[in-house]
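Visitor: I should like a close look at a single part of this structure, with its surroundings set out in order. Please choose one part and connect the details into a single account.

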Amino acid sequence: LPVGYSVYLDETAIDVIHDIKNVTNTFDGDMVEHTWLMTQNGLVCIDCENGSENQWRNEDEWETYEDEFEEEAENCKKIGEYGLCLVEEIIRNKQDKSINILTHCNAGWLACIEYGTATAPIYAAFAKGIDVHVWVDETRPLLQGARLTAWEMEKAGVPYQLICDSMSASLMAQGRVDKVMVGADRIAANGDFANKVGTYTLAV
């Protein structure tokens, strides 16, 4: 999945920037850009703050955020549509018409607007009435899978089961995983990507 869809344009991110300003009485956009794991979309926040001579959160800035929000939502929806084709292809080649998808960490709508990135195909499949079941890796050490992805699936009504990270290999060996869908923190020009610790284990 393409990198850059983790959105920092919501209230939480803006409040983080405010906290920096309140503590330091300054806003060093270069410092934030080079120390915070940022996507290009997140830099819009910094650009607006550095370039604005008016009060923070003025009308023009909010219009920029709203435009970014709508664009990211559409991007995530397209990821879901593309991923749905992959899900349907797997089902066509199976005797039963269900699919078991394994996730790791969180690339859902809590992080990425409305549909999420890696989870977008799951929501698209579920909305289409496909019998989809999700294995949610707990994702140590911060448990983003257990605390975030599992919560998302529960709210959406998608059947899921929370598992400890070390169970993944056993489930694969039993043929109980049809597809692994994960996000990516960074993607290199040659296609290599970096993601949450534990992703490499699933790839192997």
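Guide: Helices and strands are taken here as DSSP runs, a helix (H or I) having at least four residues and a strand (E) at least two, and they are numbered from the N terminus. On that basis, L148 has its place in helix α7. The model is a predicted one. The part chosen is the unit to which this helix belongs, followed by the strands and cores beside that unit.

Strand β2, helix α7 and strand β3 together form a β-α-β unit, and this unit is right-handed. Its two strands, β2 (residues 131–137) and β3 (residues 160–163), run parallel and are joined by four bridges. Within this pairing, D137 of β2 has I163 as its bridge partner in β3.

The loop between β2 and α7 deserves attention for its backbone. T139 is found in this loop; its phi is near 70 degrees, a positive value in a residue that is not glycine. T139 is counted as buried because its relative accessibility is 0%, where buried means under 20%. P141 belongs to the loop between β2 and α7 as well, and the peptide bond leading from R140 to P141 is cis, with omega near 5 degrees. L143, too, lies in the loop between β2 and α7 and has a positive phi for a residue other than glycine, near 60 degrees. Its relative accessible area of 29% makes L143 partly exposed.

Helix α7 spans residues 144–156. L148, in this helix, is partly exposed, with a relative accessible area of 26%. When residues up to four places away in sequence are not counted, L148 touches N106, L110 and L143. L143 thus links back to the loop between β2 and α7. A separation along the chain can also be set against one in space: L148 and G108 are 40 residues apart in sequence, and their C-alpha atoms are separated by 8.3 Å.

On the other pairing of β2 stands strand β1. Six bridges join β1 to β2, and the two strands run parallel; I99 has V132 as its bridge partner in β2. Strand β1 is also joined to strand β4 (residues 179–181) by three bridges, again in a parallel arrangement, and L102 stands opposite V180 in β4. Six of the six residues of β1 (residues 98–103) are buried, so the strand is largely enclosed by the rest of the structure. S98, N100 and L102 point one way from β1, while I99, I101 and T103 point the other way, and all of them are buried.

The packing around these elements can be followed through the nonpolar cores. The largest nonpolar core has 17 residues, and V87, I99 and I122 are those with the most contacts inside it. At least two residues of this core come from each of α4 (59–92), β1, α6 (120–127), β2 and α7. Helix α4 gives the most, with four residues. Leaving aside neighbours within four places in sequence, V87 is in contact with I99, I101, A125, I130 and M181. Apart from this core lies another, of seven residues, which includes W135, I163, L171 and L202. I163 has already appeared as the bridge partner of D137.

Helix α9 (residues 199–203) includes T199, which is buried, with a relative accessible area of 8%. The side chain of T199 makes a polar contact with that of N195, at 2.9 Å. Beyond its neighbours within four places in sequence, T199 is in contact with H104, V182 and F193.

The cysteines complete the account. The count of disulfides comes to zero. C105 forms none because its sulfur is 9.9 Å from the closest cysteine sulfur, that of C112, which is too far for a bond. C112 is likewise in no disulfide, the nearest cysteine sulfur being that of C76, 5.7 Å away. Both residues count as buried: C105 has a relative accessibility of 12%, and C112 has one of 2%.

Conventions
Residues are numbered from 1 along each chain as its sequence is written. This is a predicted model: local features need pLDDT of at least 70, side-chain atom pairs count only at pLDDT 80 or more; totals for chains, interfaces and linings use all residues. Side-chain values use heavy atoms; hydrogens and water are left out. Buried means under 20% relative accessible area, exposed over 50%, partly exposed in between (1.4 Å probe, protein chains only). A polar contact is a pair of N or O atoms within 3.5 Å; within protein, one must be able to donate a hydrogen and the other to accept it, and residues adjacent in sequence count only if both atoms are side-chain atoms. Contact means heavy atoms within 4.5 Å. A disulfide is a pair of cysteine sulfur atoms within 2.5 Å. Two strands pair if DSSP finds at least two bridges between them. A nonpolar core is a set of buried Ala, Val, Leu, Ile, Met, Phe, Trp, Tyr and Cys residues joined through side-chain atoms within 4.5 Å. A crossover is right-handed if, with the strands pointing away from the viewer, the path from the first strand over the helix to the second runs clockwise.
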